[in-house]
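Here is a short report on a ligand site, two pockets and some unusual backbone geometry. Please look at the model first.

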Amino acid sequence: MRVEVVTLFPELIEQATSHSIVGRAQASGSLELHCINPRDFTSDRHRTVDDYPFGGGAGMVMKPEPVVAAIEAATGGDPTIPVLLTAPDGEPFTQALAQELASLPRLVFVCGHYEGIDERVRDGWITRAVSIGDYVLTGGELAALVMLDATVRLLPGVLGNESSAHEESFEGGVLEYPHYTRPAVFRERGIPEVLTSGHHANVAKWRRTQALVRTRARRPDLWEKLLPLSKADQKLLAAHDAQQAQDEATASNNEATASARAEQSVRVDEPVSNPV
Ligand code: ADE
């Protein structure tokens, strides 16, 4: 996959992509990454890339000429290459969009800055604007890096273990199950017994159950989309809930017994007050 990033801060992108999995993806040829700086497409002495907004108001707007020249250099004029703008008012970035991007041979990110880019650039040269969340960053570089990272790890051969890209949060619309590694006891905390049972089917059931329970508890928005559950998932969840209800009943029973005992022992131990 070949990705061009149109950015006023190429060092930021180059630094952040030179390490770890994205760095290795470039070394192995799975990813070819280029940064293009709109400042290199200015012709004035100050290399101006922004200007005051028409109509007044706070902040600056990215001028159209250098950004469009940079986009055209990035696409080489090929209108089939998607051009994504990072913008807080864009469509939400999701795992599904990461998957879609990972299937493309080429892609251009345009990092917005200042108050935004001239609307005519959005109208004429941007395929889609994408947001990474409902908050405002100082610039689009971090947003582009987030999207690039989520996309690159899905490229074939980029992750060592092929299945780890598929077994995780949001794949199939559920959060991921909990993970544990050695030691089996850490600071008096153990691990779920089933994980050391060697019973693969039970491990798989436990993981699916945990994924469902976590999604239900933490992400009601995702949970809604999962409904109606398959018969198998309904069964797992019902078994989990029944077990939990039983555990809670046992716990509260134990608590009641313990406090009754404590009450009794206080009465027994109570000193008989001296009659005056
Ligand atoms: N630029 C500024 N804030 C952003 C956001 N939340 N997502 C994408 N681009 C942005």
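Where does proline 183 lie? Proline 183 is in the loop between α6 (141–152) and α7 (200–218). Helices (H or I, at least four residues) and strands (E, at least two) are DSSP runs, numbered from the N terminus.

This is a predicted model, in which local features need pLDDT of at least 70, side-chain atom pairs count only at pLDDT 80 or more, and totals for chains, interfaces and linings use all residues. Residues are numbered from 1 along each chain as its sequence is written, and side-chain values use heavy atoms, with hydrogens and water left out.

**Backbone geometry**

Most residues other than glycine have a negative phi, and most peptide bonds are trans. The bond joining arginine 182 and proline 183 is cis, with omega about 5 degrees. The peptide bond from leucine 227 to proline 228 is cis too, with omega near -5 degrees. Proline 228 sits in the loop between α8 and α9 (231–269). Serine 20 is not a glycine, yet its phi is positive, about 50 degrees. Serine 20 belongs to helix α2 (residues 20–27).

**The ligand site**

The shell around the ligand is formed by Thr86, Ala87, Pro88, Val130, Ser131, Ile132, Gly133, Tyr135, Val136, Leu137 and Ala143. A residue counts as near the ligand if one of its heavy atoms lies within 4 Å of it. Eight shell residues are nonpolar, three are polar and none is charged. In this scheme Ala, Val, Leu, Ile, Met, Phe, Trp, Tyr, Cys and Pro are nonpolar, Asp, Glu, Lys and Arg are charged, and the others, Gly among them, are polar.

Both β5 (83–92) and β7 (128–131) supply at least two shell residues each. The largest share, three residues, comes from β5.

Polar contacts to the ligand (pairs of N or O atoms within 3.5 Å; within protein, one must be able to donate a hydrogen and the other to accept it, and residues adjacent in sequence count only if both atoms are side-chain atoms) include these:

| Protein partner | Ligand partner | Distance |
|---|---|---|
| Alanine 87, polar backbone atom | Nitrogen atom | 3.2 Å |
| Glycine 133, polar backbone atom | Nitrogen atom | 3.0 Å |
| Tyrosine 135, backbone N or O atom | Nitrogen atom | 2.7 Å |

Taken alone, the ligand exposes 260 Å², and the protein buries 96% of that (Shrake-Rupley method, 1.4 Å probe; for residues, only the protein chains shown count as cover).

**The pockets**

The ligand takes up the space of the largest pocket. A molecule sits in a pocket if more than half of its atoms lie within 2 Å of the pocket's grid points. On a 1 Å grid over the protein atoms alone, a pocket is an open set of points where a 1.4 Å probe fits, with protein on both sides within 12 Å along at least five of seven lines; lining residues have an atom within 4 Å of a point.

The largest pocket holds about 380 Å³ of space. Its lining has 24 residues, and Thr86, Ala87, Pro88, Glu115 and Gly116 are the closest to its centre. Two or more lining residues come from each of β5 and α5 (119–125). β5 gives the most, five residues. By class, the lining has ten nonpolar, nine polar and five charged residues.

The second largest pocket contains about 300 Å³. Grid points are joined across faces, edges and corners, and a volume is the space filled by probe spheres set on the points. Residues lining the second largest pocket include Phe93, Phe170, Arg219 and Asp221. Here α4 (95–102) and α8 (220–226) give two or more residues. The lining divides into four nonpolar, four polar and three charged residues.
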